[in-house]
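Open the model in your viewer and get ready to select by residue number. This tour goes stop by stop through one part of one chain.

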Amino acid sequence: MIFRRYNTSVLAVVALGLLLIYYYIRQPLILSPFGAKILANQGTTLALAALAQLVVVLTGGVDLSVGAVVSLSNCIAATYMGSHPASVIAVCVLTLAVGAGAGLLNGVLVAYGRIQPIIVTLATLYIFSGLALMVRPQPGGLVPPFYANALTGGWGYLPYALVALFVVLFAVWTPLMRSRLGTAIRAVGDNPGGAHMSGINVPRTLILAYVMGGVFAAAAGLYLTAQTTSGDAAIGTSYTLNSVAAVVFGGALLGGGRGVAPGPVIAAYFLSIIISVLFAAGISPFYQSVFQGGILMVVLVFGNLWTLRTRNWLTILKN
Amino acid sequence: MGEENMQRRDFLRTTLAGAGAIALSDALPGIANAGAGQCFTPWDKGTETFAWKMKKGPYKIALSNSYIGNMWRTEMIQIAKAYTEEPAVKRDIKQFMVSSAGNDVSAQIAQMNQMILAGVDAIVLDAASPTGLNSVIDQAVAAGILVVSFDNVVTTKKAVWVNQNQFEMGQKWAEWLVRKTGDKGNILVVRGVAGTFVDQERMKGGESVFKKYPGIKTTEVYGKWDDGTAQKVVANALASGTKFDAVWSEGGDTGVVRAFQQAGLKMPPIAGEAENGFRTLAAKDKFPVLSIGQSPALGALGIKVAVAILKGGKLPQSISTPLPTATNATLKQGVNYFPNLPDSFFTPISIGACGLNFKADKILKIKV
């Protein structure tokens, strides 16, 4: 039962497992407290960005503004955080609120503007990147060491990054997805007409999904701020497409309605760690991105080979 | 109290180093042939000496590059590789690794973490963000790894900075032009990409000179350091009918010269960057030229600085490297311009004052 629910994530789990085994062979030191810490830190920002993308993808949309919201929240956090614990907490809350606001704008335009999500979020991508540049025209800013340490440090072999991620997953994501809202999001993504006929408020569901996405993207920005201890308006660009890749790799359907959190989160770690593995394997920098894409493609193809065993193509097309 | 002791110890060490310079130069050939003072020039009077613990060689050194995909970066990596293969240098280097992360800060953080794990002695860095890598640099330094940043330098003083002074570059161009025009005249100013640090610094340097001469008038256009764009905007400026007595240009200079040629005008004195096409045209058509460029050998210099510091050399935390300069008198085919190579090739592949001398054909053969 549990396996069936999460079987879309199996591919990412197997791929990450193999990658880590290979990494360990090339670099045994990853099995040390420091190694565990950097492995965990490396993927957490993308994992949070993947959650932001996943909630929107579940509604059948796609959010191209994820990277811009990551940049914007990174700039806000690094610029205004200060050093007093109270101001740190206040700025974190403010940053998440800005993320929610960004998501609200996306959601309203998608739900009531009746514009394709890809166009809406492409437009807001420019707006949010512009705002990030206004907040921080030049890279800089500062965060207190205790903030950075609380998110990127570790206690023995236990990296705080994983603790933070598990808190988000089990205290925020799971309850939300198990609530009526979570069911409604999946229903809207699977079949908006059917959802409407069943009495689900489709626009409201869409808006809330985008707001959640904005908050998760802002959380990713907050994490990135702890990792880089500074703000840079151009820093988030790579998270948009990588978050989409993580979501697809993690077994969610771009068409909406299907997808569970573990897959994209684990896929995010895979995508983030692969560049270090390529470096450890001594691949020339010119070809690293070719290998990165190639490996991703091979993994996806192998993962989907099983579908060819089916007797009827209709079942494949329906999935 | 502790700090005071530290300073005293450092003071003693520097004094000793000064006194024993001749003895030391035998022990440290890398520093000696640079003529020490000339090559490792402190940025300004406020520059402190970089404190680092001496370590026994040979060393493991990693080059962490960000963007890859223009001629300059490719040459930079090729020269760095060629440098580590030189017999005198190879003795000190156990292993040399290169990695490029693209303009992606988190990828470069991951890459540097990997270098920390690999237990390198020094990381030589062309950063994707001036600030985004500061925390991973802290970690590297805590792990006993020396970080030397060059070209796109970082803001943390825990790393050594190696770069050319962009302000001085703009200033030198301007001073030369003022002399050529006899303190008066119309100067066409071709700027780079608006809003970037390099463009602002070079322009400030230029203005610091121009404003001293009331007879000098300037007209500004933005050429974006690109031959095509520069040619277009200069052609527009010429079409307005203004006569320009000189050109101060930050880049895209091959295009600037072509614009003058297409308008059928005699090329006035031009001070600009160091693209191969620009220097080749200057050598062929013999118009007055001053060419100063950002050297792709800065990466190799970063390695040299890293090795010198690891060996116990007392170097400044911020190092200003000499500006590779060429004028009509010093232009020499096959040395600082190459008619058979692409226009986009960056010519200042050697930094003579630092003992870094390379050959273009050999560099281009090296696999990146």
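Before the first helix, one term: two residues are in contact if their C-beta atoms, placed from the backbone, lie within 7 Å. Angles are taken between N-to-C directions and run from 0 to 180 degrees. Keep in mind that this is a predicted model.

**Stop 1: the sheet.** Go to chain B. Show the open sheet of 6 strands, which follow the order β8-β7-β9-β10-β11-β13. Their pairing is mixed. Now color the edges: β8 (216–222) and β13 (325–327) of chain B each pair on one side only. From one strand to the next, the twist averages 15°.

**Stop 2: strand β7.** Select 185–191 of chain B, which is β7. Is this strand mostly covered or mostly open? Covered: 6 of the 7 residues of β7(B) are buried. Look to one neighbor, β8(B), which runs parallel to β7(B) and is joined to it by 7 bridges. Pick Leu188(B) and find Thr219(B) opposite, in β8(B). Then turn to β9(B), which pairs with β7(B) in the parallel sense over 4 bridges. Here Val189(B) has Trp248(B) of β9(B) as its bridge partner.

**Stop 3: strands β10 and β11.** Select residues 270–272 and 289–292 of chain B. These are β10 and β11, a parallel pair with 3 bridges. Click Ile270(B), and you will find Val289(B) of β11(B) standing opposite.

**Stop 4: helices on the sheet.** Add residues 166–181 of chain B, helix α8. Which strands does α8(B) lie across? They are β7, β8, β9, β10 and β11 of chain B. Against β9(B), helix α8(B) runs at about 175°. Next, show helix α10, residues 227–239 of chain B. Helix α10(B) packs on the sheet and touches β7 and β8 of chain B. Its direction makes about 135° with that of β8(B).

**Stop 5: helix α12.** Select residues 276–285 of chain B. Why is helix α12(B) described as largely enclosed by the rest of the structure? Because 7 of its 10 residues are buried. Label the buried ones: Asn276(B), Gly277(B), Phe278(B), Arg279(B), Thr280(B), Leu281(B) and Ala282(B). Now bring back the cover over them, which includes α11 (253–262), β10, β11 and β13 of chain B.

**Last stop.** Step just past α12(B) to Lys286(B). The phi of Lys286(B) is positive, near 55°.

How values were computed. Residues are numbered from 1 along each chain as its sequence is written. Chains are lettered from A and ligands numbered from 1 in the order in which they are written. This is a predicted model: local features need pLDDT of at least 70, side-chain atom pairs count only at pLDDT 80 or more; totals for chains, interfaces and linings use all residues. Two strands pair if DSSP finds at least two bridges between them. Helices (H or I, at least four residues) and strands (E, at least two) are DSSP runs, numbered from the N terminus. A residue is buried if 20 or more other C-beta atoms lie within 10 Å of its own, exposed if 12 or fewer, and partly exposed in between; C-beta atoms are placed from the backbone.
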